[in-house]
Amino acid sequence: MTKIKKVSRLYLLVSIVSVALMACDRNMVYEEIQDIPHKDWLSTDSLVFRIPVSDTTTVQNILFNIRNTSSYRYANLFLFVTTTSPKGAEVKDTLEIPLADDRGKWYGKGISNTYDLRYPYRRMIKFPFTGIYTVSVAQGMREKSLGGISKFGVRVEKANQ
């Protein structure tokens, strides 16, 4: 078998497994994860997520997905979050997310020196309007350049009642 055929088969297998795993996650309504360029989150850079909402009756949770490396120098992460409704109303939050305990043990799941944490931002909510909600997230750590955060995402899922 040629090298190209092996790579094609491997790619096909990985794609099928990925689709199957996503199909099993029946509670997920929306999820987007963005890379932080060079694992260096600048204080001037906001991550913007556009969440399409068509259901105003289901109770849902909004979670943040954070991937950090062991080179991250802090036990927490401060965020400035602005949520804008389809009608233009804004809600601004300052949020502190603990990433490690007092002894420096990282929360979340880790492989090698990388850790993934899913943190609840809003629980048991109903979106009041249909349309596109915009969530803008900036790091609030008072550093111009914040190293060690490699990915950040937003997830909306149906709440278990």
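Strands here are DSSP runs of E at least two residues long, helices are runs of H or I of at least four, and both are numbered from the N terminus. Keep in mind that this is a predicted model, where local features need pLDDT of at least 70 and side-chain atom pairs count only at pLDDT 80 or more, while totals for chains, interfaces and linings use all residues. Residues are numbered from 1 along each chain as its sequence is written, and side-chain values use heavy atoms, with hydrogens and water left out.

**Stop one: the whole chain.** Colour by secondary structure and you should find one helix and 11 strands. The helix leads, and the strands follow along the sequence: α-β-β-β-β-β-β-β-β-β-β-β. Of the 161 residues, 35% are buried (under 20% relative accessible area; exposed is over 50%, partly exposed in between, with a 1.4 Å probe and protein chains only).

**Stop two: the open sheet.** Now show S1, S11, S4, S8 and S7, which sit in that order in an open sheet of five strands with antiparallel pairing (two strands pair if DSSP finds at least two bridges between them). S1 and S7 (109–111) are the edge strands, each pairing on one side only. From one strand to the next, the twist averages 15 degrees (axes are lines fitted to C-alpha atoms, for helices over the stretch in contact, and angles run from 0 to 180 degrees between N-to-C directions). Zoom in on S7 and S8: they pair in the antiparallel sense over three bridges. Lys-109 stands opposite Asp-116 in S8.

**Stop three: the largest pocket.** Keep Lys-109 and Asp-116 selected, as both are among the residues lining the largest pocket. Add Glu-31, Ile-33, Asn-65, Ile-66, Arg-67, Leu-117, Arg-118 and Lys-151 to complete the lining. S1 (28–35), S4 (60–69) and S8 (114–125) each give two or more residues to it. The volume is about 300 Å³.

A pocket is an open set of points on a 1 Å grid over the protein atoms alone, where a 1.4 Å probe fits, with protein on both sides within 12 Å along at least five of seven lines; lining residues have an atom within 4 Å of a point. Grid points are joined across faces, edges and corners, and the volume is the space filled by probe spheres set on them.

What is the lining made of? Colour by residue class and you get three nonpolar, one polar and six charged (Ala, Val, Leu, Ile, Met, Phe, Trp, Tyr, Cys and Pro count as nonpolar, Asp, Glu, Lys and Arg as charged, the others, Gly among them, as polar).

**Stop four: the second largest pocket.** This one has a volume of about 260 Å³. Of its 15 lining residues, select the closest to the centre: Thr-83, Val-91, Phe-127, Pro-128 and Tyr-133. S8 gives the most to the lining, with three residues. The lining divides into nine nonpolar, three polar and three charged.

Stay on Phe-127 and Tyr-133, a tilted aromatic pair with 4.8 Å centre to centre and 55 degrees between the planes. Rings of Phe, Tyr and Trp (its six-membered ring) pair if their centres lie within 6.5 Å; planes under 30 degrees apart are stacked, over 60 edge-to-face, the rest tilted. Phe-127 is buried at 6%, and Tyr-133 is buried at 4%.

**Last stop: the ring cluster.** Select Trp-41, Phe-49, Phe-64, Tyr-121 and Phe-152, which ring pairs link into a cluster. Phe-64 and Phe-152 have ring centres 5.1 Å apart and planes at 50 degrees, so this pair is tilted. Phe-64 in S4 and Phe-152 in S11 (residues 149–158) are 88 residues apart. Phe-64 is buried at 0%, and Phe-152 is buried at 0%.
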